[in-house]
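Me: Please take the central sheet of this model and go through it closely, strand by strand and then through what lies around it. State the cut-offs behind the terms as you go.

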Amino acid sequence: MKNKFWIFIILALVVSACQREDYFDDLDPETGSFVGDNSGTDTDGSNDQPPHDHDHGGDSDATLTTYRITGDDIDKIKDYNVEDKYKFFQQDYAKHLEMWQFVTRLLPNEIRGRLVEFEVFHGEGELLGYVAPINNNDLSRWKFALAIDAANNLDEINFKDLFTYVVIHEYGHVLTLNEEEVKTNYNNCTTFEIGEGCPTTNSYINQNFQIGWEDIYDEFQQLNEDEIFDFYDKYKDRFSSDYAATNPGEDVAEVFAFFITSESPPQGNSIADQKIKSMYNQPDLVELRNKIRQSPTVRALNAGSWLENPLRKKFKIGNHQHTLKL
Ligand SMILES: [Zn+2]
């Protein structure tokens with residue numbers, strides 16, 4: 001039973017880590033596993049604790065370096081205290097810069113205004129990236145964090161690559177959780193509450209919720225740790241990936257990532273397909289897709305379909321374990 005719970009802690013933290021900085025407080029750098037407490041048991045991606053209340057100077061911290069973003073440039077804010085085994089990765093500033101430059105080539109400057117800090121961490125092959133608001137009450141300014149151990153093939157941009165997918169997925173969180181999409185001050189939430197606040201009626205996350213979550217959300221909220229995989233199995237046709245089934249926030253980020261990285265709209269009409277197609281029906285998102293895919297730095301490269309790529313298997317969760325290994 002204990003082991004089972006531990007496995008769930010891994011899942012819950014990985015699930016929510018895309019939006020949580022405090023994940024690192026639970027990371028054991030010796031094993032790369034999580035030694036979480038109860039704060040990691042939520043499956044809805046909610047940010048129960050202010051992400052910036054945590055001291056990142058501890059020995060059990062896999063955060064390496066934080067940078068301030070100014071346009072296309074980054075300046076180091078600080079290095080964190082890390083164990084010796086991470087020092088090589090921390091001191092590889094050239095790679096940190098390459099990782100950031102990859103982001104700048106993939107995401108045009110004009111859509112990066114909300115990214116104010118760039119963080120490099122070591123994900124131990126488990127965590128690929130995450131985002132977090134700098135201040136929980138201000139969803140207009142975000143930290144964008146990427147795993148150095150996931151950053152391969154930085155010399156080209158190919159939509160078949162895992163790292164490209166990760167950057168798009170994380171950007172999808174900023175796109176769907178920013179201050180225009182989600183209100184932190186509200187009295188009555190008429191959509192559904194998430195950790196960041198209350199999504200507006202026309203928000204991307206709420207539109208996605210209306211297509212494939214509303215009628216099963218009560219059921220989802222009742223799930224315990226043993227049931228989330230059954231939940232995905234039961235509603236497979238609703239989700240682009242098993243990871244998408246973990247909560248509405250991850251789902252809309254996954255739908256966005258599929259929307260951007262796939263060559264063309266899905267041919268089928270499953271609920272999962274409908275979610276992606278709905279993005280094609282929104283001119284602002286189509287424009288955003290074009291800005292990314294047709295930017296000078298991306299256009300010259302040979303983009304392909306993420307769905308067809310074997311790398312995608314590495315992004316899967318199955319058998320009660322997060323099986324991602326890079
Ligand atoms: Zn995510």
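Reply: Two strands count as paired if DSSP finds at least two bridges between them. Strands (E, at least two residues) and helices (H or I, at least four) are DSSP runs, numbered from the N terminus. The model is predicted, with local features requiring pLDDT of at least 70 and side-chain atom pairs pLDDT 80 or more, while totals for chains, interfaces and linings use all residues. Residue numbers start from 1 along each chain as its sequence is written.

By the pairing criterion, β5 and β7 are joined by 6 bridges and run parallel. Within β7, Leu146 is the residue that Val120 stands opposite. On its β3 side, β5 (residues 115–121) is antiparallel to β3 (residues 63–70), and 5 bridges hold that pairing. Thr66 is bridged there to Glu119 of β5.

The sheet as a whole is open and has 5 strands, in the order β4-β3-β5-β7-β6, with mixed pairing. Its edges are β4 (73–79) and β6 (129–135); each has a single partner strand, so one side of each has no neighbour in the sheet. From one strand to the next, the twist averages 30°. Angles run from 0 to 180 degrees between N-to-C directions, and axes are lines fitted to C-alpha atoms, for helices over the stretch in contact.

Two helices pack on this sheet. Contact here requires that the C-beta atoms of two residues, placed from the backbone, lie within 7 Å. Helix α3 (residues 93–106) touches β3, β4, β5 and β7 (138–147), and its direction is at about 135° to that of β5. Helix α4 touches β5, β6 and β7, and its direction is at about 30° to that of β6.

At the β4 edge, β3 and β4 run antiparallel and are joined by 6 bridges. One of the bridge pairs is Thr70 with Asp73 in β4. The two strands make a hairpin in which 2 residues lie between them, and Gly71 in that turn has a positive phi of about 60°.

Next come the loops that leave β5 and β7. A residue is buried if 20 or more other C-beta atoms, placed from the backbone, lie within 10 Å of its own; 12 or fewer make it exposed, and anything in between partly exposed. The loop between β5 and β6 holds Glu124, and that same loop is where Glu126 lies. Glu126 has 22 other C-beta atoms within 10 Å and is therefore buried. Glu124 is partly exposed because its count within 10 Å is 19. The phi of Glu124 is positive, near 55°, although the residue is not glycine. Most residues other than glycine have a negative phi. Asn153 is another non-glycine residue with a positive phi near 55°. Asn153 sits in the loop between β7 and α4, and 13 C-beta neighbours inside 10 Å make it partly exposed.

Some residues that are separated along the chain can also be placed relative to one another. Glu126 and Ala150 are 24 residues apart in sequence, with a C-alpha to C-alpha separation of 9.2 Å. Glu170 belongs to helix α4. With 25 other C-beta atoms within 10 Å, Glu170 is buried. The C-alpha atom of Glu170 is 8.5 Å from that of Ala145, which is 25 residues away along the chain.

The nonpolar interior involves some of these elements as well. A nonpolar core is a set of buried Ala, Val, Leu, Ile, Met, Phe, Trp, Tyr and Cys residues joined through C-beta atoms within 7 Å. The largest such core has 61 residues, and the members touching the most others are Leu146, Ala147, Ala150, Val166 and Phe256. Helix α4 (residues 162–177) contributes the most to this core, namely 10 residues. Leu146 thus appears both among those core members and opposite Val120 in the strand pairing. A second, separate core has 5 residues, including Phe239 and Tyr243.

For context, the protein has 11 helices and 11 strands. Of its 326 residues, 41% are buried. Among contacts between residues at least 6 apart in sequence, 66% join residues at least 24 apart.
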